[in-house]
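Work through the exercises below with the sequence and the coordinates open. Each task is followed by a solution in steps.

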Amino acid sequence: MQLQDKVAVVTGAASGLGLGSCRALAAAGARIVGFDRDADRLAALRDALGEQAMTAVVDVADEASVKAGIDQAMAAFGAVHVAVNCAGVADSAKTVSKGEPFPLTTWNKVIAVNLTGTFNIIRFAAVAMMRNAPDGDTGERGVIINTSSGAAWQGQVGQAAYAASKAGVMGLTLPVARDLAEHGIRVVSIAPGLFDTAMVAGLPPKVSQSIVDRMILYPNRMGRPDEFAALVRHIAENTYLNATTISVDAGARMQAR
Ligand SMILES: NC(=O)C1=CN([C@@H]2O[C@H](COP(=O)(O)OP(=O)(O)OC[C@H]3O[C@@H](n4cnc5c(N)ncnc54)[C@H](O)[C@@H]3O)[C@@H](O)[C@H]2O)C=CC1
Ligand SMILES: C[C@]12CC(=O)[C@H]3[C@@H](CCC4=CC(=O)CC[C@@]43C)[C@@H]1CC[C@@H]2C(=O)C=O
């Protein structure tokens with residue numbers, strides 16, 4: 001899809017990979033609709049991108065909030081062509097810790113934001129995309145890009161909920177692409193390795209440094225949000241990519257424990 005003057009909804013837009021995606025899609029000429037639950041940092045995004053962007057405080061886990069956000073995007077820009085799911089949380093706990101089972105509040109939160117939140121955006125964005133005229137050459141009406149994680153294959157200690165949510169994102173990619181193919185809508189997920197964002201800044205430095213030192217092949221550093229965003233842009237522009245999950249992880253391979 002040619003991105004010039006298209007409308008891209010990005011969740012998790014106030015930080016990290018979502019913010020990087022907003023910048024890259026805007027640089028390609030798209031108008032940006034940034035969703036996040038962090039109102040203050042959304043204001044900074046709007047200030048940076050000016051009239052090319054609108055923002056809305058949206059909780060992706062909340063159906064009514066997502067519907068209202070997509071309605072706002074339609075009212076402001078008249079269409080949705082691209083949806084990028086980056087909103088996510090990484091709360092962790094061991095399956096049993098000090099004799100106590102994994103708190104279900106933590107499980108439910110992680111699944112609600114990472115998995116149900118992704119599907120909420122997919123559902124409402126797809127309805128909006130179906131209203132687009134098909135592209136004259138390709139028949140394309142839209143593209144949906146989700147963020148899974150290397151943890152979908154190789155979750156670490158304490159990551160049962162996070163890894164399950166990200167495996168869920170990977171798992172829905174093919175059936176949703178099948179559902180939407182007849183409407184000219186593609187669905188592709190990305191499985192990032194370790195990227196330098198606020199989420200990773202929340203890890204103990206020893207943990208992130210040990211992943212970088214021992215588990216990343218080359219280049220031996222964390223990824224930058226612009227490197228993730230370059231892949232988002234490529235997926236949006238390359239109409240032949242569909243129904244798959246692409247890793248961008250510098251060859252990260254985790255040890256058993
Ligand atoms: N940074 C990394 O190394 C990796 C990140 N990921 C995934 O990439 C995505 C983006 O993460 P980062 O940019 O690293 O994190 P981040 O913490 O910098 O950004 C996440 C954004 O999501 C927003 N958010 C959280 N819950 C929300 C909700 N219910 N509704 C709306 N917005 C919400 C936050 O306010 C924040 O702005 C996440 O899904 C994460 O799981 C996956 C693999 C590696
Ligand atoms: C740290 C975190 C969860 C993970 O363990 C993954 C990491 C991204 C790089 C990875 C790739 C893999 O193949 C294995 C898993 C992992 C090390 C994730 C970034 C954010 C996740 C987190 O829990 C943050 O707090």
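**Exercise 1. Burial of a helix**

Task: In this predicted model, determine how many of the 12 residues of α1 are buried, and what covers them.

Solution. Step 1: α1 is mostly covered, with 10 of its 12 residues buried. Step 2: the buried residues are G16, L17, G18, L19, G20, S21, C22, A24, L25 and A26. Step 3: the cover over these residues includes the strands β1 (7-11), β2 (31-36), β4 (82-85) and β8 (185-192), together with the helices α2 (39-49) and α9 (225-237). Step 4: as a check on geometry, helix α1 spans residues 16-27 and reaches 17 Å from its first C-alpha to its last, close to the 16 Å expected at 1.5 Å a residue. Step 5: G29, with a positive phi near 100°, follows α1.

**Exercise 2. Cysteines**

Task: Explain why C22 and C86 form no disulfide.

Solution. Step 1: a disulfide is a covalent bond between the sulfur atoms of two cysteines. Step 2: the cut-off applied here is a sulfur pair within 2.5 Å. Step 3: the cysteine sulfur closest to that of C22 belongs to C86 and is 8.1 Å away, so the pair is too far apart for a bond. Step 4: seen from C86, the closest cysteine sulfur is in C22, again at 8.1 Å. Step 5: the structure holds zero disulfides. Step 6: for the surroundings, C22 is buried at 0% relative accessible area, and C86 also counts as buried, at 17% relative accessibility.

**Exercise 3. A strand with two neighbours**

Task: Find which strands pair with β4, in which sense, and whether its faces are covered or open.

Solution. Step 1: β1 and β4 pair in the parallel sense over three bridges, and V10 has V84 of β4 as its bridge partner. Step 2: β4 also pairs in the parallel sense with strand β7 (residues 142-147), over four bridges; here A83 is matched with I144 of β7. Step 3: both faces are covered, since V82 and V84 on one side and A83 and N85 on the other are all buried.

**Exercise 4. Around the ligand**

Task: List the residues that come nearest to ligand 1, then give some of the polar distances.

Solution. Step 1: 28 residues surround ligand 1, and S15, D36, Y162, F195 and T197 come nearest. Step 2: a polar side-chain atom of S15 is 2.5 Å from an oxygen atom of the ligand. Step 3: backbone N or O atoms also take part, with L17 at 2.8 Å from an oxygen atom of ligand 1 and V60 at 3.0 Å from a nitrogen atom of ligand 1.

**Exercise 5. A buried asparagine**

Task: Place N114 and list its contacts beyond four places in sequence.

Solution. Step 1: N114 sits in helix α4 (residues 104-129). Step 2: its relative accessibility is 1%, so N114 counts as buried. Step 3: apart from neighbours within four places in sequence, N114 contacts A87, G88, V89, Y162, S165, K166 and V169.

**Exercise 6. Backbone exceptions**

Task: Locate the cis peptide bond at P219 and the positive phi angles of D5 and A250.

Solution. Step 1: most residues other than glycine have a negative phi, and most peptide bonds are trans. Step 2: the bond joining Y218 and P219 is cis, with omega about -5°, and P219 lies in the loop between α8 (205-215) and α9. Step 3: D5, not a glycine, has a phi of about 65°; D5 belongs to the segment before β1 and is partly exposed at 47% relative accessibility. Step 4: A250, also not a glycine, has a phi of about 50°; A250 falls in the segment after β9 (244-248) and is partly exposed at 28%.

Definitions and conventions:
Residues are numbered from 1 along each chain as its sequence is written. Chains are lettered from A and ligands numbered from 1 in the order in which they are written. This is a predicted model: local features need pLDDT of at least 70, side-chain atom pairs count only at pLDDT 80 or more; totals for chains, interfaces and linings use all residues. Side-chain values use heavy atoms; hydrogens and water are left out. The expected span of a helix is 1.5 Å times one less than its number of residues. Buried means under 20% relative accessible area, exposed over 50%, partly exposed in between (1.4 Å probe, protein chains only). Contact means heavy atoms within 4.5 Å. Two strands pair if DSSP finds at least two bridges between them. A residue is near a molecule or strand if one of its heavy atoms lies within 4 Å of it. A polar contact is a pair of N or O atoms within 3.5 Å; within protein, one must be able to donate a hydrogen and the other to accept it, and residues adjacent in sequence count only if both atoms are side-chain atoms.
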